[in-house]
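Student: I have this model open and want to go through it piece by piece. Put it up and I'll ask as we go.

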Amino acid sequence: MAISSARESLSHALNNRFLPNLEYLLQGSILDSAVEHLMHRLKGLCDNVDTSPETFHDLEVCMSLRQPNTNQPLMLRVRRALGRDAPFQMRYLGQPEVDQRRPTLVRSCMDCACTNGILDFLTEMGFRLEFEYIAKGYMFRKGRMKITVSKLIKIVPGKQDMANEPISQSYIVELSVVAPTGQENVGEEMRVFAEQLKPLVQLEKIDYKRLGNIP
Amino acid sequence: MGVTVLQPYPMPEGKSGAYIIDHLGKRLLSLGATHAGQFLVDCETFISTPQHGTPTRAVHVLHNSECPASTFSIIDNGTGKQVALVADNIFDLLMLKMTNTFTSKKQTKIESRGARFEYGDFVIKLGSVTMMEHFKGVLVEIEYKPCITLSYCWEMIREMLQGFLSINVGKEYPSYFTTQTIMNAMGQQQLHKQNDIYEPMDTIKQYLEQFTNYRKHVQMHSAMGGTVGPVMMNTVVGMGRP
Amino acid sequence: MSNSVNISVETTCENQIREIAYDGTELYQPPPTLSESLAKCAARIDFSKTSLEDLKKEEKSAAAAEEDAKDANIFQESLWPWDAVRNKLKDAYTEICVLSDVISIAKDKRYLVLDPLLEDSDDTKPIVQVYTRKKAISQAAQVLLSGAERLRNAHSELRNPNVKDFHIELLRLRQNWRLKKVSNGAIIGDLSYRTAGSKFGMSGTFEVAKAEDVLDEETTTSNANSSGGNTPNTQISTNNGIQPNGSSSLRVIVPAELQGVAYIKVITQKDQEDLCTAQVNLMGHGPNITAQVGVWQKTLEFAQNVLFCKELFAQLAREAIQLQAPIPHVVIGNQIRATLLPNIQLIISLCHSTSFDSNQPAPINDHDHVLEHSLHQLLREVHYKNSHHPFPHPASAPLGPSKKRMIAGPTAADRDSLLEMTKTQTILEQIIAQAQHIFMRKRTQYVLDTLARDVKDPQIVSHWNAMNSPTMSCVKINIVTHGYDAFGRTSLVIHVKERSLKCICRDGRVMRLSYEPQELRDLILCQINSHQISCLVSLARCMAWTVLSNSNHLGIGKVEPLGNASSCLLASPNSDRMIAVQIRCDPQIDVKVYIARSPRQDFFPTPLVPEKFWENLGGNFKEVRFDKIEGKSFLNKMEFLMASLTSNTA
């Protein structure tokens, strides 16, 4: 019985479509004053809400690497849960694909948990800091859908945490599913769910190309 | 997880690698060890495309079948600084996203593969090292599971190496564990690695050290043939021995 | 209705039909010339309205007047014979002038202020108006009539005691159960555990109806079921055609496969003899809300219980078939048989009866609440795990993997721990483990209790930990001699697991015993042995006797892995007496005591051993009839013996 190498088993997972590598995403935003209503709605719609909603407080750092022969730099986002002993998450996001026929935005996505040396590692590889922010908010789930209601907080360089202040007076609401290739019904499932949040928050596929380089 | 020591097996003249492995395996079995599966440690090195002003960087990506969910990587920035990282397997796919900057040196892909034996609290692995399908040598990995600090169990491991495998091992700690001097933000510091808590990354670093030696060996041979590029010479940085 | 209804009346075709020929051809009048049509139009003008008297009414509308003025312009250039027309128009013109003056005054607001008046309906076409009013009134009347009809219906329903609180009951039902109204007006409820995480395929829908509506159709099935005595549910009472005497106006229709009563019976059987049984019967659990809400509550609870039992059994049966046990599990019909230990079987059966005679099944004496609870709990746990997944941190991490799996990559988890993560115990495995443990615990208890009963000396005291896990409990055993507690106490701890025991002695020895009770018995007997000897040694020291030797394992008799006969040799303070003690423990505790004295009394010099001093060598040991010695316990007797031997020499 020969042992297969890690690379072989990884490509096997890719070929057999059980490696989740596509992110289906819908985004929207809601004012601070109305977020309470949204939370109530989500509590009613989502799974296991008998407990209070899960909170999170993460620091996201986006690193970029300018590569020769390409215009687009390679961007990797490293996220760290503040005040929690959890591994860092490195995330690669591909170019979003806003297909009119699909109900959601679809982009390729790779999630990789790493030890905390990752930022140092990337710096040594030649990556440079692009931007960083703190995301703080609530998480819900409904089946395989993940719903985050988060407040983005800007980091004032060189100051303590106290100096950080919210970017805007609203929360960003994201509905996402990471699934293997070829599961087209995901989008429909998400559209139906987004429909149920309708009057409160309008979840849409947001075309980043039109917005310019906003995170 | 315990403490692991990696020891190259000196190749006697006129004996093939397969013979040595077979011989050692038989010896272990007759001494009471049990055969417990296979193992594989592989290493692939990515070299940054040379850009003016920056030294050539090398990223070594290693896998150990003992930790099937992890990918180990060590970056060597060319100036002696090394950063180690343990990540999910998906890291391999991320490396492929950087092919414009970091290219894989296929001809230096090296692996150690072989049988795994268990004897009480010891795990012994007899690996035959191959690079590009060419046999390079035999690496013996020996792990003592109940302990996590080398200094407490080195004598036992040494006895095992000498008694079971008849490898002549000195009393002093293996070179990887000997005191290292490293430069960091706190200035020059002495590390006594044999007293540290052993981590899976240490196994990987020992393998990389040995693999680098095998590669260097090849380069020295090929250097005589005059076909070596300067790139590899940069990456062959010793594992920080004094 | 202040607004008039505008009805436009126009001819169907442009020209009038003069004649219709026999072949159906219509002959039209030639269209009138311009002058003709003008004359016609002029003739149509009803000037009576625009006369001075009528104009009083018209004043309010300046626009209308202006229109008239426009008309006037047209008629000015027309025929002079229409003098009257002209005069009237002239009057109108005067009026307009006055009106314009009035408007200018009104606009100035210095002399005159205009207030809107309540609009009077201007009946231009009284017939049409009357007709529309009549129509509108009849519509309103219809609305009122239908409302009155509904009220009357509701009122008559109110008088009927059976239906008066249908909606209140529906409200109560809605508070406790999931209901929805479907398109055709029916109300459908769901009693399945799907929202709680169940993945069982069977549907748990029920229908809600008013009690009297379905009386007729139900009578057909009524004969099958007999009345359930004092606690009938709605269904039964309606089934029998009896008016539910004030019980409920709301009826729930549960699918046939969920009707009746179900429970899961768990029996532990040793060679056909029941050791313990448990029944999972969820009825009667939880706060009894039947009193406040209708009897349908009971029906639904029964049905939900049936569904739960079916799911539990289906799950167990599936696992029984999949599991690779050394002795395969057997699934026959509604019964699963699994072997716990040799000759001991666990039988889990699903009992589902639709006749209500079995509502109160024959009482089972050995009702085991623990196993009952466990089975219940295990499935609930599965449900919980289905619906409760850990959230990832940081939030961008993928949803799904367990917390352990999330950190496995970066912490370089090894193969074994990753394999461990993939393993889950099935419900059947867990319940078998629990049943085995219960059995092992009972067996251990039995062995300890019978030993404590049979062995009076020393005393065996066992302390069971009240807190234990379903598959592990712990007992501490103290062996003491009454009255001699200070000399020694032997204690050991026994961990009772699923199929084995682990004994930890005070000296740190750990022994693993199998499920065979004999092993435990032997161990305890050996412990008693060594207890007696060690106590005797300390007692002897206390009485100034010298311990010449002692051994816990003489190695005589049957060789036991845990130890066998033990012995001790004591010498009196001035060494003239010796006592030898031997205690055997196979199969009963057997004490033998021998004494010897030196110098021996019966020493006679012989030619072979001539010298006198040989008498000090000590003589033959003579057995003491130990059971005749006074004393309550072994140590007590030994104390007497030692004391008497010491005093003899004194």
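Student: How do strands E2 and E6 of chain A pair?

Tutor: Strand E2 (residues 54–65) and strand E6 (residues 128–142) of chain A run antiparallel, with eleven bridges between them. Cys62(A) is opposite Phe131(A) in E6(A). Strands pair if DSSP finds at least two bridges between them; helices (H or I, at least four residues) and strands (E, at least two) are DSSP runs numbered from the N terminus.

Student: What should I know about the numbering and the kind of model?

Tutor: Residues count from 1 along each chain as its sequence is written, with chains lettered from A and ligands numbered from 1 in the order in which they are written. The model is predicted: local features need pLDDT (the predictor's confidence in each residue, from 0 to 100) of at least 70, side-chain atom pairs count only at pLDDT 80 or more, and totals for chains, interfaces and linings use all residues.

Student: Back to E6(A). How many bridges does E6(A) make with E7(A)?

Tutor: Ten, again in the antiparallel sense, with strand E7 covering residues 145–154 of chain A. Tyr138(A) faces Val149(A) in E7(A). The hairpin of E6(A) and E7(A) has two residues between the strands, and Gly143(A) in that hairpin has a positive phi near 60°.

Student: And what does chain A put into its contact with chain B?

Tutor: Chain A gives 27 residues and chain B gives 28; residues are in contact if their C-beta atoms, placed from the backbone, lie within 7 Å. On the chain A side, the elements giving two or more residues are helix H1 (6–15), strand E5 (105–114) and helix H3 (118–125). That side of chain A has 16 nonpolar, seven polar and four charged residues. Ala, Val, Leu, Ile, Met, Phe, Trp, Tyr, Cys and Pro count as nonpolar, Asp, Glu, Lys and Arg as charged, and the others, Gly among them, as polar.

Student: How many residues are in the contact of chain C with chain A?

Tutor: 15 residues from chain C and 25 residues from chain A. The side of chain C that touches chain A has nine nonpolar and six polar residues, and no charged ones.

Student: Now chain C itself. What is the strand order in the sheet that holds E17?

Tutor: E17-E18-E19-E20-E21 of chain C, an open sheet of five strands with antiparallel pairing. E17 (546–551) and E21 (622–624) of chain C are the edge strands; each has a single partner strand, so one side of each has no neighbour in the sheet. From one strand to the next the twist averages 20°. Strand E20 (residues 590–597) of chain C pairs with E21(C) over three bridges, one of the partnerships being Val593(C) with Val624(C).

Student: Which strands does H15 of chain C lie across?

Tutor: Helix H15 (residues 517–542) of chain C lies across E17, E18 (566–571) and E19 (577–584) of chain C, and runs at about 10° to E18(C). Axes are lines fitted to C-alpha atoms, for helices over the stretch in contact, and angles run from 0 to 180 degrees between N-to-C directions.

Student: How do H14(C) and H15(C) cross?

Tutor: The axes of helix H14 (residues 427–454) of chain C and H15(C) come within 10 Å and cross at roughly 40°. That angle makes H14(C) oblique to H15(C) (under 35 degrees is roughly parallel, over 145 roughly antiparallel, 65 to 115 roughly perpendicular and the rest oblique). Arg443(C), Thr444(C), Val447(C) and Leu451(C) of H14(C) meet Pro517(C), Leu520(C), Arg521(C) and Ile524(C) of H15(C). This contact of H14(C) with H15(C) has five nonpolar, one polar and two charged residues.

Student: What comes just before that, at E15 and E16 of chain C?

Tutor: Strand E15 (residues 501–505) and strand E16 (residues 510–513) of chain C pair antiparallel over four bridges. Ile504(C) has Val510(C) in E16(C) as its bridge partner. The hairpin of E15(C) and E16(C) has four residues between the strands, and Gly508(C) there takes a positive phi near 95°.

Student: Last topic: how confident is the predictor about chain C?

Tutor: Chain C averages a pLDDT of 77, and 75% of the residues score at least 70. Residues 284–291 of chain C have pLDDT below 50, with four contacts beyond near neighbours in sequence. Residues 356–365 of chain C are also below 50, with ten such contacts. Where pLDDT is low, the predicted coordinates should not be read in detail. For the complex, the predictor gives an ipTM of 0.84 and a pTM of 0.66.

Methods: Two residues are in contact if their C-beta atoms, placed from the backbone, lie within 7 Å.
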